[in-house]
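The exercises below concern aromatic residues and one helix, and each is followed by a worked solution.

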Amino acid sequence: MNVLMWFRQDLRSHDHAALSHAAGLGAVLPVYIFDPAVWQQADRSARQFGFLCESLTELRADLATLGAPLLIRSGPAREVLARLCARHAISCIVTEAAAPPELAGWARDQGLRWLEAPPQTTQEPLPQPALRCPPDLVANPLPLAQMLRIAPDPCPHRQRGGRKQALDLLETFLTTRAEGYHRAQSQPLLAERASSRLSAHLTLGALGPREIASALAARLAERPAGRWPSALAQFQSQLSRRTATATTARPDLAAMPADPARQRWLEGETGLPFLDALMRYLKATGWLSHHLREVTLSLACHHLGLEWRAASLALARRLTDYDPALFWPYAVQIAGMAGHAPRIYHPTKQALTLDPTGAFTRRWLPELAQVPDSCLQTPWKWAGAARLLGRRYPEPLIDVTTAHTAAREAIWARHGKPLRALVTPHVQLIEAPLQPAKGQLRLEF
Ligand SMILES: Cc1cc2nc3c(=O)[nH]c(=O)nc-3n(C[C@H](O)[C@H](O)[C@H](O)COP(=O)(O)OP(=O)(O)OC[C@H]3O[C@@H](n4cnc5c(N)ncnc54)[C@H](O)[C@@H]3O)c2cc1C
């Protein structure tokens with residue numbers, strides 16, 4: 001029997017339950033499909049495409065060592081599958097995730113079996129399977145971004161895709177970087193080193209969950225004392241949030257009208273230095289830590305007054321690790337939609353707490369070199385402001401105090417007034433609501 005193995009989200013050959021299952025059924029035809037309709041959606045970008053292509057290049061090399069060429073096809077999935085099934089006498093399609101309903105129906109009508117990876121009972125990662133392939137298969141090149149009409153999106157410091165990169169990150173994280181995992185993640189100067197930065201690789205499935213679990217267990221056995229056990233436990237709990245958070249619900253993402261304020265936010269030109277530094281960092285790297293994603297989106301929605309779906313879409317395009325199932329629950333929550341109490345942060349307090357020396361802000365905003373530390377986050381208060389603002393650096397888009405008060409009042413009007421204040425290490429103030437809805441957290445910084 002010839003089996004088509006459709007790679008959709010787990011771009012690896014190790015610890016791959018669906019591939020191992022396919023290998024046990026017959027000769028395997030490994031396929032990846034670029035669907036132009038997906039790449040023309042407003043939340044997709046060239047940085048995500050570039051990372052995906054690098055990941056596929058490595059998958060193709062790994063499969064080649066098993067004697068299996070990876071067929072790359074572009075087009076609507078159903079048409080591509082129909083052509084391949086007819087050409088290679090395929091009788092079964094195996095994939096990692098549930099079939100989209102319209103494809104499952106089509107496969108049934110064609111008399112094709114559609115199988116997903118069976119549930120795994122073993123804790124050990126699966127080895128690379130031995131593969132047999134139908135004859136005369138030739139691996140073909142990846143499409144260019146222009147062919148899929150993906151707009152250019154330069155990202156000079158983007159992470160590179162591919163399993164080797166993922167394994168390197170996991171190794172450096174577990175052997176050296178994770179020790180500072182707890183405290184450093186909110187601070188932009190430290191977060192890049194202290195976080196695993198595995199998210200983009202996990203989004204594409206370059207590593208399997210059991211591989212990570214077994215590497216974690218091995219490291220824990222080596223370092224049972226000191227700061228390591230709790231750092232590794234926290235990492236493990238973050239990993240489990242992937243499955244706990246993921247949902248298929250998405251808001252309506254019809255095209256949004258242009259908004260000059262949104263563009264200024266996106267380009268790091270709002271005149272609020274810390275926010276601008278974060279947005280320029282994101283543009284150049286494609287990554288921000290969790291807390292900093294919250295801060296940038298919250299300031300956009302609640303202080304700058306940007307339309308929340310439009311701001312979220314713009315943020316989504318900037319993230320190399322963009323995964324709709326993880327992104328949208330947080331965007332909805334931060335914006336305060338679907339019954340969530342929103343998250344709001346004071347722009348200047350966040351800046352002073354998370355970048356206390358100003359080194360991060362200065363690194364990304366060289367035009368503020370002349371501004372003294374005391375006014376770095378509030379350059380409009382600097383005696384020399386007239387020489388800078390509106391010339392080399394923009395006037396602030398908002399009056400921070402007025403915008404923050406207005407944001408708080410808008411939230412209180414919708415959700416009730418906060419009751420008390422608490423102090424935490426990276427957060428200056430958390431105010432709990434009078435009547436918190438069940439299971440909801442309301443943060444006010
Ligand atoms: C507005 C917003 C949008 C987000 N969009 C995405 C997205 O598109 N894709 C994405 O992978 N993550 C998303 N996250 C979750 C989280 O911010 C990132 O996974 C994390 O910052 C990635 O950095 P890291 O790999 O260094 O994570 P680490 O802190 O090292 O965590 C390890 C892994 O655990 C998972 N993880 C960590 N924190 C979370 C979390 N809060 N929820 C779910 N999984 C988590 C990720 O897979 C991550 O790679 C979003 C968060 C927010 C607030």
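The model is predicted, and within it Tyr32, Phe34, Trp39 and Phe49 form one aromatic cluster.

**Exercise 1.** Determine which residue lies over the face of tryptophan 39.

Solution. Begin with tryptophan 39, one of the members of the aromatic cluster. Arginine 44 lies over the face of this ring, at 5.8 Å from the ring centre, which falls within the 6 Å cut-off for a charge over a ring. A further case is arginine 8, which lies over the face of tryptophan 6 at 4.8 Å from the ring centre.

**Exercise 2.** Classify the pair formed by phenylalanine 173 and phenylalanine 235.

Solution. The structure holds twelve aromatic pairs. In this one the ring centres are 4.7 Å apart and the planes stand at 55°, so the pair is tilted. Next, locate the partners: phenylalanine 173 belongs to helix 6 (residues 163–175) and phenylalanine 235 to helix 11 (residues 228–245), so that the pair links distant parts of the chain, 62 residues apart. Finally, consider accessibility: phenylalanine 173, at 0% relative accessibility, counts as buried, and phenylalanine 235, at 2%, counts as buried too.

**Exercise 3.** Establish where the buried residues of helix 12 lie around the axis, and what they pack against.

Solution. In helix 12 (residues 260–267), the buried residues are Ala261, Arg262, Trp265 and Leu266. Because they cover an arc of only 135° around the axis, they lie on the same side of helix 12. The buried residues pack against helix 13 (273–285), helix 14 (290–303) and helix 15 (308–318). As for the ends, aspartate 259 caps the N-terminal one, with a side-chain oxygen 2.9 Å from the backbone nitrogen of alanine 261, while glycine 268, whose phi is positive, near 75°, follows the helix.

Conventions. Residues numbered from 1 in each chain as written. Predicted model: local features only at pLDDT ≥ 70, side-chain atom pairs only at ≥ 80, totals over all residues. Heavy atoms only, no water. Buried < 20%, exposed > 50% of the residue type's maximum accessible area, 1.4 Å probe, protein only. Helix = DSSP H or I, 4+ residues; strand = E, 2+ residues; numbered from the N terminus. Arc of directions from axis to C-beta. Contact = heavy atoms within 4.5 Å. Polar contact = N/O pair within 3.5 Å; in protein donor to acceptor, adjacent residues only side chain to side chain. Phe/Tyr/Trp six-rings, centres within 6.5 Å; stacked < 30°, edge-to-face > 60°. Lys NZ or Arg CZ within 6 Å of the ring centre and 35° of its normal.
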